[in-house]
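Colleague: I would like a close look at one part of this protein. Please take me through the largest pocket and whatever ties in with its lining.

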Amino acid sequence: MNELIQKLKEIRIVPVVKIDDAKKAVPLAKSLIEGGIPCAEVTFRTEGAKEAIKEMHEAYPDMLIGAGTVLNAKQVDEAIEAGATFIVSPGLNPNTVKYCKEKGIPILPGVATASEIEQAIELGLCAVKFFPAEANGGLKTLKALSAPYYKMEFMPTGGIQESNVKEYLAFDKVIACGGSWMVKDELIENEKFEEIQALAQKAMALVTE
């Protein structure tokens, strides 16, 4: 887990990808890497997710690839088999967290309340996803929630945009931000990989200023 956190702190942005056609996975990965973001969270909301992770991992084994929207042990197994580096879930399911720990794969479960953060601590986690970030009050809420839990770190996701990402990343409890503005569905569907690369470069320029 510590290795994952360190890598995320270096990359700072995790593109949240919804991909239907696995054939688009490798050119998408290439555009992100060349844009300066060697990372992606591929959501398990589509039939092509597992194959997309597999294609990305085989083409770019050093890329940090997460499986997102993972809801159960079966999906954890599928993600690991495909080559995922870490697991992300929308909520905190203790069974899924325990299963990931048994399998030795890091997980960032979603939390939105103090009670969920305490559950995460009880499960031995030191980092979680704050989700959906903007709908839950944004950075103001995150700062208030994190205050009693000084050892916990967060990856805010949900409503993170070019306009607010720097503000989130300036908070020292944030390891990285998840966002989809540089990998919007229509850009992937229409194979606008040069545009994705340009948006990734712009995003990285923002966070390294």
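Modeller: Start with a charge over a ring. In this predicted model, K129 lies over the face of F131, at 4.2 Å from the ring centre. The term needs NZ of Lys or CZ of Arg within 6 Å of the ring centre and within 35 degrees of the ring normal.

Local features need pLDDT of at least 70 and side-chain atom pairs 80 or more, while totals for chains, interfaces and linings use all residues. Numbering starts from 1 along each chain, and side-chain values use heavy atoms, without hydrogens or water.

F131 also takes part in a cis peptide bond. Its partner there is P132, with omega about -15°. P132 sits in the loop between β6 (127-130) and α7 (138-146). Helices (H or I, at least four residues) and strands (E, at least two) are DSSP runs, numbered from the N terminus.

Now the largest pocket. It holds about 260 Å³ of space. A pocket is an open set of points on a 1 Å grid, fitting a 1.4 Å probe, with protein on both sides within 12 Å along at least five of seven lines. The volume is the space filled by probe spheres on those points, joined across faces, edges and corners.

The pocket has 16 lining residues, each with an atom within 4 Å of a point. F131 is among the closest to the centre, together with V16, R45, T157 and G158. The lining has four nonpolar, nine polar and three charged residues. Asp, Glu, Lys and Arg count as charged; Ala, Val, Leu, Ile, Met, Phe, Trp, Tyr, Cys and Pro as nonpolar; the others, with Gly, as polar.

Two strands, β2 (39-43) and β8 (177-179), each give the lining at least two residues. Both belong to an open, parallel sheet of eight strands, ordered β7-β6-β5-β4-β3-β2-β1-β8. Pairing takes at least two DSSP bridges. β8 is an edge strand, as is β7 (153-156); each pairs on one side only. Further into the order, β4 (86-89) and β5 (107-111) run parallel, joined by three bridges. One of the bridge partnerships links I87 with I107 of β5.
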